[in-house]
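This report looks at a pocket and at a patch on the surface, and then follows one member of that patch through its surroundings.

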Amino acid sequence: MEQTLIIFKPSAIERALVGKVLSRFEQKGLIITGMKMMQLSPELLKEHYAHLVDRPFFPLIVASMTACPVIVMCLKGIDAINVVRTLTGSTNGRQAAPGTIRGDFSMSNQANIIHASSSPEDAEVEIKRFFRDDELFDYLPAKMPYLYSEDEL
């Protein structure tokens, strides 16, 4: 099964949306394998958003992402990265489709509720950036036969 990283951004924390967003992932059938709250540092953000460091808006990202603690989470499931990105919606909340997390909860490109890994390669690097091995749990919940057919597992 594939794993992906999620960050509940300060916009989700401050607006008390964590429970609503988390329930969407759980209702879809994604499995939580790790979750913790942490305060992001500018150094960690420079590593995480290395592709944006030289952009003029990068200081706004740092200010936004350090405004309060965030929640980082690792999810797993078949095609988890694509499933999560579909649930999340377009980066800009104003353009995200209704029914997606950003489409329902965001009006911003920056304060857009959640970060989600964009590829298997990114997910692997990001998960290692935010979680130690002993903070991730590889288990299959009893509900598995109700999430996937036998031939999918």
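## The largest pocket

In this predicted model, the largest pocket is lined by 22 residues, and those that lie nearest its centre are Y49, H51, L52, T91 and H115. Two or more residues of the lining come from each of the elements α4 (58-65), β4 (114-116) and α7 (120-130), and α7 gives the most, with 4 residues. The volume of the largest pocket is about 500 Å³.

## A nonpolar surface patch

On the surface, a nonpolar patch is formed by M1, I78, L140 and L153, which together have about 390 Å² of accessible area. Two of its members can be placed relative to the secondary structure: M1 is in the segment before β1 (2-8), whereas L153 is in the segment after α8 (144-147).

The relative accessible area of L153 is 55%, and L153 is therefore classed as exposed, the cut-off for that class being over 50%. M1 has a relative accessible area of 47%, so M1 counts as partly exposed.

## The surroundings of M1

When neighbours within four places in sequence are left aside, M1 is in contact with I31, G77, I78, L140, M144, Y148 and L153. Among these contacts of M1 are I78, L140 and L153, which also belong to the nonpolar patch.

A further relation concerns M1 and L75, which are 74 residues apart in sequence, while their C-alpha atoms are 10.0 Å apart in space.

Definitions and conventions
Residues numbered from 1 in each chain as written. Predicted model: local features only at pLDDT ≥ 70, side-chain atom pairs only at ≥ 80, totals over all residues. Heavy atoms only, no water. Patch = residues over 30% accessible without salt bridge, like charges linked within 9 Å, V, L, I, M, F, W, Y side chains within 5 Å. Areas by Shrake-Rupley, 256 points an atom, 1.4 Å probe, with all protein chains shown as cover. Salt bridge = Lys/Arg side-chain N within 4 Å of Asp/Glu carboxyl O. Buried < 20%, exposed > 50% of the residue type's maximum accessible area, 1.4 Å probe, protein only. Contact = heavy atoms within 4.5 Å. 1 Å grid on protein atoms, 1.4 Å probe; cavity = no way out; pocket = protein on both sides within 12 Å on 5 of 7 lines; lining within 4 Å. Points joined across faces, edges and corners; volume = space filled by probe spheres on them.
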